[in-house]
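The following exercises are intended for a reader who meets this structure for the first time. Please consult the sequence and the model while working through each solution.

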Amino acid sequence: MMPFRFGFKSTTVAFVFGVVAVSGLSLSLFHVTSSKQMLHGELTKRGLVLASNIASHGMYSVLIQDRAELKDIITEHIDELDLEYISFTNIQGERLVSSQNSISDECLDTVSKRLPIVSTAPIIDFSGKHRNREIEACAFRGYHIVVPLFRDIVSGAFSANVSQGDRERSDATTVGVFEPIGAVRIGMRSDRIEAHVDQLMSTTLFLFLLIAIVAISLAWYFVLRWVAPIEQVTRIAQGITDKDTRDQYLASDLFVKEVADAKALARNDEVGVLRRTFIAMLTDLHEHGREILKQRDSLENVVQARTAELQNAKELAEAANRAKSEFLATMSHEIRTPMNGVIGVAGLLQRSDLDEEQRQCVDTITQSGHALIEIINDILDFSKIEAGKLELEMSSTDLLATIESVCQLMSGTARQKDLILAASIDANVPSSIWSDAGRLRQILLNLVSNALKFTKTGGVRIHVRLDPEQSSTVLFEVFDTGIGLSDEQQRVVFDRFTQADSSTTRQYGGTGLGLTICKNLVELMGGDTGLRSVKDQGSIFWFTIPNRVGQAGGLGATSIWSRTSDKLSVQRSLIAVGNDIVQKTVSDQLNSMHVETELFEAGITDVTSKCYDLVFCDEVTIHLPELRELNKTTQEPSQKPSKIVMIGTTMADSQIKVADVRLEMPLTPKPLMRLVSDCQSPMGVSDEEAVHSQIATSRKLDGFRILVAEDNKVNSSLIGMVLKKLGCEFEVVEDGKQVIQRLRKDTLPDLDLILMDIQMPIIDGIGATKIIRAMDGSLASIPIIALTANAMKGDRESYLESGMDDYIAKPMDLDIFERKLREWHSLIRSKTSIRETV
């Protein structure tokens, strides 16, 4: 429903009527009110004069109570205009004599009691409009006037209206004492005045209506002569601007017919000029409008043609995008396949006996190969993000294991550059959060790798805590003491293909995609990224991951501290470490677990007056005499001795003998948490575990029969060399068809496992797998592991859905390849032993 709107015409009429109405009513009200007040004032004034005159004649008669004389005085004045009653009363208020027209004696008595003599001045009281209900009940509307009478006791003179000052004044010339003797009471009717006021009001209302009619008539004339033409012009202007009627006005001379009034056009006032100007303007507009309509019709044809072209361009762009994705997938496979041979053979060489020069060459090959794989992965990730096809695999992520893994993977780089690498996690952080575990690890690896790359001295530190502004969010921070960033560099560092500047790109290398990918991954997980940096002083890169309620690993999950003992065996610790990063890491980790910490300063800190459960030292401070003698001077017999914790990258035999516990780089949360929980030994692989690990690594897989399907000679040769070292029996075929033939000929009886490449001629890996799964007998259930360089999203899932049992990506990590084979060897042998037992 459209809201009601006043037009110019109705607004003008309403305005004029409003002005007239307000002005007329105000003047009428003022005139009636002032006239009424004036008439009432005259009535009371006349009443006072009459009452005073009557009082002057009846003072003596009131004193002697001569009722006959008083009656004559009343009779003489009772016919006065508007006079209702006259009454003489004594000092007690008792009526001596009275005369009235319509009021009763009872009412007079009521008036006498209600209006006693209370002062020396006259009393005037109005009866009506609920001012005095007792007097109003006497059916009289008017004024009651009381004039008191006095007698001078000294001189015997009589007086009315004697003031208090006159009564008490006593001087040399006049001596007198006045006493009241009674009062004259009269009533003045206001009926005549009220009737006059009513007549005046009627006359005023009539004049007001007459003026209003004249005003409205004048306003209407003004509207018809001045406003109506303007309103007509306005309506035509709206019709031209309205998209629904614009074409109708522009295509015809309809507006000319509506405006072209000969009489109106002949006017020489402003309205006539406005009409003539408006017609001239609309005539030009009409000509332009017809031209515009023609151009619009032609433009519609052009737009339709252009739309068809854009649609074709869109389809071509979509096809190009699909081709790009297919190209990236193909290129990824084609590059990974030869890289598998490069990295794999280099890995085998690293495990062989080499001299120093040969080992350096092999290490260079390995590092270069891994760097190339990282570049390929960055390009693939960026392409998937750009296409909006990157999907996350959200699950419960073990934070402690993730941080430990990142530190161990980057420890080699830190050692090569002689940098400190440390990490700490606040004890109140949940032990697991809801995120994509692989992508979270990728983000941390990228940030730590960048920090190590741009840091020459000092080190890198990871710190994980709850966001102080939002406790349901986990905040990850990576500190470094590197080259830092200027304000301008900080604004663009997260942009694609961007590094700090072109010189750093040449000096440090990289695609400039790492931070962009990190930022996009964090945003996909619902977090935010940022940095704080000072040029030449280091940087802090941070990101947040929301820990959502109700999801696995979300809020309510146990904290990191719950992995350690509930009973603390450490209450106080002394940190005597010179490196700021190590010092800050140890201090933060212990403080978050409510362990009291104290920083040691040589020559200042007094260690003889306090007892410490743990004393952290490094290669320098461990030789300080006050710390070496700590156990002898600070401990009481009933207390356990302090444990010396040695932190360092390299430790001499003398340092190892002095220390009770050794912590090597990278410094991670697990060893510190173990120390706080049991104060026995650092978290890590025990000697027994290490022995078992070495035994497991060196154990041969004798009798493990494998069929290798690989068309690339380099890859098949590499796989053959690894299988030989593991003691496996194997045969190599070049395509899926040969796999089927070998199985049907049963050339490898009791075959244990098939390593199946995906992209092969004749029959690919997926086609061969489906044929095998359709066979009869035990061959249909033989384990098949996919070997592929395809790394796009969904590849692994498609292989498992086709019937394959596991997946190994190329280029192969020899440790992962060997671990997978050992896992399947153990699984297959355990099933065999069970069948034999049965």
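Exercises with worked solutions follow, and they concern a predicted model.

**Exercise 1. The chain as a whole**

Determine how many helices and strands the chain holds, and what share of its residues is buried.

Solution. Step 1: the secondary structure comes to 27 helices and 23 strands. Step 2: the chain has 838 residues, and 42% of them are buried. Step 3: the accessible surface of the chain comes to about 44600 Å², and carbon and sulfur atoms account for 55% of this surface. Step 4: among contacts with a separation of 6 or more, 70% are between residues 24 or more positions apart.

**Exercise 2. An aromatic pair between two strands**

Describe how the rings of Phe 476 and Phe 543 are arranged, and state where these residues lie in the chain.

Solution. Step 1: the structure holds three aromatic pairs. Step 2: Phe 476 and Phe 543 form one of them, with 4.7 Å from centre to centre and 5° between the planes. Step 3: planes under 30 degrees apart count as stacked, and the pair of Phe 476 and Phe 543 is accordingly a stacked one. Step 4: Phe 476 belongs to strand 11 (residues 470–480) and Phe 543 to strand 13 (residues 538–546); the two are 67 residues apart, and the pair links distant parts of the chain. Step 5: Phe 476 has a relative accessible area of 0% and is therefore buried. Phe 543, at 1% relative accessibility, is buried as well.

**Exercise 3. A neighbour on strand 11**

Establish whether Thr 473 is buried or exposed, and name the residues that it contacts.

Solution. Step 1: Thr 473 is placed in strand 11. Step 2: the limit for a buried residue is under 20% relative accessible area; Thr 473 has 7% relative accessibility, so it counts as buried. Step 3: when neighbours within four places in sequence are left aside, Thr 473 is in contact with Arg 465, Leu 466 and Asp 467, and also with Thr 544, Ile 545, Pro 546 and Asn 547.

**Exercise 4. Salt bridges across and within elements**

Locate the salt bridge of Arg 461 and Asp 588, then examine the salt bridges that Glu 523 and Arg 822 form.

Solution. Step 1: the structure holds 18 salt bridges. Step 2: in one of them, the side chains of Arg 461 and Asp 588 meet at 2.3 Å, N to O. Step 3: this pair links distant parts of the chain, as Arg 461 lies in strand 10 (residues 459–467) and Asp 588 in helix 17 (residues 580–592), 127 residues apart. Both Arg 461 and Asp 588 are buried.

Step 4: Glu 523 forms a salt bridge with Lys 519, and their closest N and O atoms are 2.6 Å apart. Because Glu 523 and Lys 519 are four residues apart in helix 16 (residues 514–524), about one helical turn separates them. Glu 523 is partly exposed at 40% relative accessibility, and Lys 519 is partly exposed at 27%.

Step 5: Arg 822 forms a salt bridge with Glu 818, with the closest N and O atoms 3.1 Å apart. Arg 822 and Glu 818 are four residues apart in helix 27 (residues 814–837), so about one helical turn lies between them. Arg 822 and Glu 818 are both buried.

**Exercise 5. The buried side of helix 25**

Identify the elements against which the buried residues of helix 25 pack.

Solution. Step 1: in helix 25 (residues 765–773), the buried residues include Gly 765, Ala 768, Thr 769 and Ile 772. Step 2: these residues cover an arc of only 100° around the axis, and therefore they lie on the same side of helix 25. Step 3: the buried residues of helix 25 pack against helix 24, strand 21 and strand 22 (784–788).

**Exercise 6. A buried loop residue**

State where Leu 751 lies and which residues it touches.

Solution. Step 1: Leu 751 is found in the loop between helix 24 (736–745) and strand 21 (753–757). Step 2: Leu 751 has 13% relative accessibility and so counts as buried. Step 3: not counting residues up to four places away in sequence, Leu 751 touches Arg 705, Ile 706, Leu 707, Leu 743 and Ile 782.

Conventions:
Residues numbered from 1 in each chain as written. Predicted model: local features only at pLDDT ≥ 70, side-chain atom pairs only at ≥ 80, totals over all residues. Heavy atoms only, no water. Buried < 20%, exposed > 50% of the residue type's maximum accessible area, 1.4 Å probe, protein only. Contact = heavy atoms within 4.5 Å. Arc of directions from axis to C-beta. Phe/Tyr/Trp six-rings, centres within 6.5 Å; stacked < 30°, edge-to-face > 60°. Areas by Shrake-Rupley, 256 points an atom, 1.4 Å probe, with all protein chains shown as cover. Salt bridge = Lys/Arg side-chain N within 4 Å of Asp/Glu carboxyl O.
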